[in-house]
Amino acid sequence: MPKGKRQVTELKGRAVNSLVLGIELFNRPHDNGRAEATLIFLHHAFEMLLKAVIWDRTGSIHEKERRYSYSFDKCLSLAQNELSLISADESRTLSILDTLRDTSIHFYQEISEDLLYLQAQAAVTLFNDLLTEAFGEKLADMIPERVLPISTRPPKDLQVLIDSELRQVDRLLEPGMRRGIQASARLRPIMALATASRDEAKRVTEVELQEAVDRRKRGEDWTVVFPEVAQLKLDTEGKGITFNLGIKKGAQMPVKIAEPGEKPVGTVIKQPIDIWAKYNLSRDDLAGKLGLSGPRTCALIAEFNLQGDPECYKILRRKSSTFKAYSKKALDRLRAELERGINVEEVWLRQRHKCGGKKRS
C-alpha cells in the first residue's frame with residue numbers, strides 16, 4: 001500500500017477507535033471523569049477523521065516547512081471553505097464540541113446529562129455523514145449497530161433544554177443562594193454554545209462569563225444575553241438506532257443580532273464585542289502560526305494592506321501602552337495567500353523597506 005494511503009487508513013482507524021471509546025465512556029455506569037473523557041475522545045475522533053480526509057484530498061496535513069500538523073481550527077476551515085466537505089451548520093457543531101472540550105480540560109464545567117447526550121448523538125450522526133461523504137463508507141459497516149450513545153430521555157427541543165439549564169442557573173443566583181462558582185460551572189456549556197456559534201468562533205473567557213452572570217442579575221432576559229443560542233435548533237430524523245441528530249441555526253427568535261453598521265429595524269440586539277479577544281494576535285504571533293520570520297510576516301502584512309482593513313487590524317490602548325493587534329481574519333487571509341503559492345521572498349524584496357530592511361534599488 002502506498003505511504004499516503006497507509007497514512008489515511010491509519011488516521012481513519014484512529015478516528016473510529018476514538019469515537020467508539022467516546023461512546024463507551026458516555027455509556028459507562030458511573031460519572032467519575034465521564035463527561036470530560038467523553039468530550040476529549042469525541043473531539044479526537046473528528047480531528048483524526050478530518051486529517052484523514054485532508055491528507056487524502058491534498059496529500060498533506062502540515063503547515064509550511066512541515067513543522068506542525070494542522071490545528072483543529074485549520075482542519076475545520078479547510079473542510080468547509082476549500083474542500084466543501086462540511087456545511088456551516090456542521091462546522092458550527094464541531095466548533096461547539098471543540099469549545100466544550102477546551103472548557104472541560106481547562107476549567108470547572110458542569111455539563112448536564114441532556115447536553116452531553118446531545119453532543120454524543122450529534123457526533124455519531126456527523127461522523128457517519130463525513131465518513132460516507134469522504135470515503136463512501138458507513139459507520140455501521142465498521143462497528144456494531146449497538147455502539148450508540150444511550151439515553152433514557154433524549155432531548156427533542158433544544159430551546160426547551162436550554163431553558164431548563166438556565167432555570168438551574170437562575171436558582172443558583174437567587175438571593176440567599178449565591179452559589180456563584182456552581183452557577184458559572186453550569187453556565188459554561190451554554191456559553192460554549194454561544195461563542196462557538198458566532199461567525200468567528202472563539203473560546204469562553206472568564207470576563208464574558210462573569211458579564212453574562214451580572215447581566216442576568218440585572219434582570220436581562222437570557223435570549224438577549226445569549227442571542228446566538230436562541231437561534232439554534234435540533235434537526236432530528238428517525239428513532240432508535242436510525243436516530244439522527246444535528247445542531248443548526250434557524251430557530252424562531254424574538255430578537256435579531258445586528259451586523260456591524262446595520263441599520264436597526266424592529267427588535268435588534270447589538271452584540272457587544274470584546275476587542276481584546278477579537279484582536280488577540282501580535283505580528284510575532286502571526287509569524288509563529290505561519291512558520292515565517294517576523295520581517296517576512298511584516299512584508300506580507302504590507303503587501304496585502306492588512307493594516308488598512310479594520311476587520312484585520314486595530315491599535316489597542318491600555319493605560320499608557322499601545323499595541324498593534326491583528327485578528328483571526330488577518331491570519332486566515334495570510335494563510336490563504338500562502339496556500340495559493342505567493343512567493344514570500346519576492347514580497348520581501350518589494351516591501352522590506354517598510355519592515356526595517358534596505359529599500360530596493
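Helices here are DSSP runs of H or I with at least four residues, and they are numbered from the N terminus. With that in hand, welcome to a predicted model, shown in a series of close-up views.

**View 1. The whole protein holds 15 helices and six strands.** Before zooming in, it helps to get a feel for the chain. Of its 361 residues, 46% count as buried. Among the contacts with a separation of 6 or more, 63% join residues that are 24 or more positions apart.

**View 2. Helix α2 covers residues 34–58.** How many of the residues of α2 are buried? The count is 18 out of 25, so this helix is mostly covered, buried meaning under 20% relative accessible area. At 1.5 Å a residue, a helix of 25 residues should span 36 Å, and the end C-alpha atoms of α2 are indeed 36 Å apart, so the two values agree. Just after α2 comes G59, and the phi of this glycine is positive, near 85 degrees.

**View 3. Helices α12 and α13 pack against each other at an angle of about 100 degrees.** Their axes lie 9 Å apart. Angles of 65 to 115 degrees count as roughly perpendicular, so α12 is roughly perpendicular to α13. Which residues meet here? From α12 (residues 283–290) come R283, D284, L286, A287 and L290, and they meet G294, P295, T297, C298 and I301 of α13. Sorted by character, the residues of this contact divide into six nonpolar, two polar and two charged.

**View 4. C298 and C355 form a disulfide.** A disulfide is a covalent bond between the sulfur atoms of two cysteines. In this pair the sulfur atoms are 2.2 Å apart, and the count for the model comes to one disulfide. Left-handed or right-handed? The torsion about the S-S bond of C298 and C355 is about -85 degrees, so the disulfide is left-handed. C298 sits in helix α13 (residues 294–303), while C355 belongs to the segment after α15 (344–351), so the bond ties together parts that are 57 residues apart in sequence. Both partners are tucked away: C298 is buried with a relative accessible area of 17%, and C355 counts as buried at 16%.

**View 5. Two further cysteines, C75 and C312, also count as buried.** For C75 the relative accessibility is 0%. C312 has a value of 0% as well.

**View 6. L300 is another residue of helix α13.** Is L300 buried or exposed? At 0% relative accessibility, L300 counts as buried. Setting aside residues up to four places away in sequence, L300 touches L292, L334, L338 and V347. Another residue to look for is E337: L300 and E337 are 37 residues apart in sequence, yet 9.1 Å apart in space from C-alpha to C-alpha.

**View 7. Q351 lies in helix α15.** This glutamine counts as buried, at 10% relative accessibility. What does Q351 touch beyond its neighbours within four places in sequence? The partners of Q351 are A299, A302 and E303. These partners fall within the residue range 294–303 of helix α13, the helix that also carries C298 of the disulfide.

How values were computed
Residues numbered from 1 in each chain as written. Predicted model: local features only at pLDDT ≥ 70, side-chain atom pairs only at ≥ 80, totals over all residues. Heavy atoms only, no water. Disulfide = S-S within 2.5 Å. Helix = DSSP H or I, 4+ residues; strand = E, 2+ residues; numbered from the N terminus. Buried < 20%, exposed > 50% of the residue type's maximum accessible area, 1.4 Å probe, protein only. Contact = heavy atoms within 4.5 Å. Expected span 1.5 Å × (residues − 1). Axes fitted to C-alpha atoms, helices over the stretch in contact; angles between N-to-C directions. Parallel < 35°, antiparallel > 145°, perpendicular 65-115°, else oblique. Nonpolar A, V, L, I, M, F, W, Y, C, P; charged D, E, K, R; others polar.
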